[in-house]
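Biologist: Please take me through this model. I want to know what stands behind each label.

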Amino acid sequence: MIRVQEDDFDIGAELRTLTEGDTSVGAVASFTGLVRDMAPIDGQSREIRTMTLEHYPGMTEKKLAEIEAEANSRWPLAASLIIHRYGTLEPGDQIVFVACASSHRQAAFDACQFLMDWLKTEAPFWKLEDTDTGGVWVDSRESDNQAAAGWGQKPRHRWLTQQ
């Protein structure tokens, strides 16, 4: 399941809903991303006042669904969930939640990590950090690209070329 939303989410409620009624699930792995209060910018640590996330509705959901489908084709998942927020967020706010349910823990762990690695590099979101020195657009990090590449062939950036 994919949700792109402005509103916050309740992790406990999301986990209950993910596995409700499915007694074949033996493991759930999840990741929650939060807005930090500090970020390295131009070699210095800068205070983040807010982070604004932008996306293209329709295109974003389609790309997230492709990433989720890839995880489901690689691991025997009973269920998976990606929630990604947009809008203006403050330090401590939740940004992203990924959860994977499977009969066995390794599949749940691996799929969850895969989803986050590919979301960091493939999801069409743009992040603007408002700092004490002004707004800074967040660039991709080489460490994120390396992590995603470690899973093998990455999906094509279809969202860049499709209308």
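**Sheet, helices and rings**

Modeller: Start with the sheet: 4 strands form an open sheet in the order 1-5-7-2, with mixed pairing. At its edges are strand 1 (2-5) and strand 2 (27-34). The twist from one strand to the next averages 10°. This is a predicted model: local features need pLDDT of at least 70, side-chain atom pairs count only at pLDDT 80 or more, and totals for chains, interfaces and linings use all residues. Residues are numbered from 1 along each chain as its sequence is written, and side-chain values use heavy atoms, with hydrogens and water left out.

Biologist: What makes strand 1 and strand 2 edge strands?

Modeller: Each pairs on one side only. Two strands pair if DSSP finds at least two bridges between them. Strand 1 and strand 5 (residues 77-85) have 4 bridges, in the parallel sense. Within that pairing, Gln 5 stands opposite Arg 85. Strands here are DSSP runs (E, at least two residues), as are helices (H or I, at least four), numbered from the N terminus.

Biologist: Which helices lie on the sheet?

Modeller: Helix 1 (residues 11-19) packs on the sheet and touches strand 1, strand 2, strand 5 and strand 7 (94-102). Its direction makes about 25° with that of strand 7. Helix 3 lies across strand 2, strand 5 and strand 7, and runs at about 150° to strand 7. Axes are lines fitted to C-alpha atoms, for helices over the stretch in contact, and angles run from 0 to 180 degrees between N-to-C directions.

Biologist: Why is helix 2 called roughly antiparallel to helix 3?

Modeller: Helix 2 and helix 3 pack at an angle of about 150°, with their axes 10 Å apart. Angles over 145 degrees count as roughly antiparallel (under 35 roughly parallel, 65 to 115 roughly perpendicular, the rest oblique). So helix 2 is roughly antiparallel to helix 3.

Biologist: Which residues make that contact?

Modeller: Helix 2 contributes Lys 63, Leu 64, Ile 67, Glu 68, Glu 70, Ala 71 and Arg 74. Helix 3 contributes Phe 114, Leu 115, Trp 118, Leu 119 and Glu 122. Contact means heavy atoms within 4.5 Å.

Biologist: How many aromatic pairs are there?

Modeller: The count is 4. Rings of Phe, Tyr and Trp (its six-membered ring) pair if their centres lie within 6.5 Å; planes under 30 degrees apart are stacked, over 60 edge-to-face, the rest tilted. One of the pairs is Tyr 56 with Trp 126, at 5.3 Å centre to centre and 75° between the planes. That pair is edge-to-face. Tyr 56 sits in the loop between strand 4 (44-55) and helix 2 (59-74), Trp 126 in strand 8 (residues 125-131), 70 residues apart.

Biologist: What makes Phe 114 and Trp 118 a tilted pair?

Modeller: Their planes are 45° apart, and the centres 4.4 Å. Both residues lie in helix 3 (residues 105-122), 4 residues apart, about one turn of the helix. With Trp 75, they form one aromatic cluster.

Biologist: How do you know whether Phe 114, Trp 118 and Trp 126 are buried or exposed?

Modeller: Buried means under 20% relative accessible area, exposed over 50%, partly exposed in between (1.4 Å probe, protein chains only). Phe 114 has 0%, so Phe 114 is buried. Trp 118 has 1%, so Trp 118 is buried. Trp 126 has 32%, and therefore counts as partly exposed.
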